[in-house]
Structure formats: structure tokens, C-alpha cells
Amino acid sequence: MNITINGELLNVNSKALVEVLQSFGAVAPFAVAVNGEFIPQSRHGNYVLNEGDSVELLSPIQGG
């Protein structure tokens with residue numbers, strides 16, 4: 001299945017959001033949006049991705 005993560009086209013074997021995030025190397029804390037919709041962490045475990053979905057993975061940035 002083809003999806004886009006942070007603008008990068010990827011072919012993934014799983015439709016489970018949590019598995020795709022793990023294989024992409026996501027390290028907490030982070031926020032996730034799929035097709036522009038924020039997905040709360042409580043839904044990561046049961047959220048199913050579809051062909052062509054666009055995933056944005058955002059990590060907090062510290063600075064001052």
C-alpha cells in the first residue's frame with residue numbers, strides 16, 4: 001500500500017497506523033495528522049490507514 005509520510009512516498013505492508021509509525025522510526029513525543037486530521041494518541045492503536053493517505057508526523061521543537 002502506498003502512503004505519504006512527511007512528504008515522502010512509502011510502500012508499507014501494514015494498514016495499522018501504530019505499526020507504520022514504528023517502522024518509520026517515530027519516537028515519542030509526537031503528534032500525528034492523517035489527511036489533515038489530528039489523530040489523538042488514544043486512537044493510534046486502532047486507526048487504519050488507506051491507500052494514498054497522507055501522514056504528517058510532528059515532533060516538538062525546543063528553542064528560545
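Here are some worked exercises on the predicted model shown above.

## Exercise 1: Reading the fold

Task: Work out which secondary structure elements the chain has and how they follow one another.

Solution:

- Step 1. Start with a tally: the chain holds 2 helices and 5 strands.
- Step 2. Now walk along it from the N terminus, and you meet the elements as β-β-α-β-β-α-β.
- Step 3. Put the strands side by side. The 5 strands make an open sheet with mixed pairing, in the order β2-β1-β5-β3-β4.
- Step 4. Look at the ends of that order. β2 (8-11) and β4 (37-39) are the edge strands; each has a single partner strand, so one side of each lacks a neighbour in the sheet.
- Step 5. Add the twist, which averages 30° from one strand to the next.

## Exercise 2: Following β3 through the sheet

Task: Find which strands β3 is joined to by bridges, and which residues stand opposite each other.

Solution:

- Step 1. Take β4 to begin with. β3 covers residues 31-34, and 3 bridges join this strand to β4 in an antiparallel arrangement.
- Step 2. Place the residues. V34 lies opposite E37 of β4, and V32 lies opposite I39 of β4.
- Step 3. Inspect the turn. The hairpin of β3 and β4 has 2 residues between the strands, and N35 adopts a positive phi near 50° there.
- Step 4. Move on to β5. Here 4 bridges link β3 and β5, again running antiparallel, and V34 has V55 as its bridge partner in β5.
- Step 5. Bring the two sides together at V34: E37 stands opposite this residue in β4, while V55 is its bridge partner in β5.

As a reminder, strands of a sheet pair through backbone hydrogen bonds, either parallel or antiparallel.

## Exercise 3: Helix α1 and the nonpolar core

Task: Describe how α1 meets the sheet, then identify what the largest nonpolar core is made of.

Solution:

- Step 1. Helix α1 (residues 17-24) packs on the sheet and touches β1 (2-5), β2, β3, β4 and β5 (54-58). The helix direction makes about 60° with that of β1.
- Step 2. Count the core: the largest one has 14 residues. Those with the most contacts inside it are I3, L17, V32, V34, L49 and V55.
- Step 3. Ask where the core residues come from. β1, α1, β3 and β5 each give two or more, and α1 provides the largest share, 3 residues.
- Step 4. Zoom in on L17. Setting aside neighbours within four places in sequence, L17 contacts V32, I39, H44, Y47 and L49.

For background, nonpolar side chains tend to be buried together in soluble globular proteins.

## Exercise 4: Three residues compared

Task: Decide whether H44, N6 and S59 are buried, partly exposed or exposed, and list what they touch.

Solution:

- Step 1. Recall the cut-offs: buried is under 20% relative accessible area, exposed is over 50%, and partly exposed is in between.
- Step 2. H44 belongs to helix α2 (residues 41-44). Its relative accessibility is 7%, so H44 is buried. Beyond four places in sequence, H44 touches L17, V18, L21, F30, V32 and I39.
- Step 3. N6 sits in the loop between β1 and β2. With 38% relative accessibility, N6 is partly exposed. Outside its neighbours up to four places away, N6 touches F24, V55, E56 and L57. The C-alpha atoms of N6 and E56 are 4.9 Å apart, although 50 residues separate them along the chain.
- Step 4. S59 lies in the segment after β5. At 46% relative accessibility, S59 is partly exposed. Leaving out neighbours within four places, S59 contacts P29 and F30. From S59 to A28, 31 residues away along the chain, the C-alpha distance is 7.9 Å.

## Exercise 5: The chain as a whole

Task: Check the radius of gyration of the chain against that of a compact globule, then gather the other overall values.

Solution:

- Step 1. For 64 residues, a compact globule would have a radius of gyration near 11 Å; the chain has 11 Å, so the two agree.
- Step 2. Along the principal axes, the C-alpha atoms fill a box of roughly 40 × 25 × 20 Å.
- Step 3. Of the 64 residues, 28% are buried. The accessible surface is about 4,200 Å², and carbon and sulfur atoms account for 50% of that surface.
- Step 4. Finish with the contacts: among those between residues at least 6 apart in sequence, 49% join residues at least 24 apart.

Note on methods
Residues numbered from 1 in each chain as written. Predicted model: local features only at pLDDT ≥ 70, side-chain atom pairs only at ≥ 80, totals over all residues. Heavy atoms only, no water. Pairing = 2+ DSSP bridges. Axes fitted to C-alpha atoms, helices over the stretch in contact; angles between N-to-C directions. Contact = heavy atoms within 4.5 Å. Buried < 20%, exposed > 50% of the residue type's maximum accessible area, 1.4 Å probe, protein only. Rg over C-alpha atoms; globule rule 2.2 N^0.38 Å. Areas by Shrake-Rupley, 256 points an atom, 1.4 Å probe, with all protein chains shown as cover. Core = buried A, V, L, I, M, F, W, Y, C linked by side-chain atoms within 4.5 Å.
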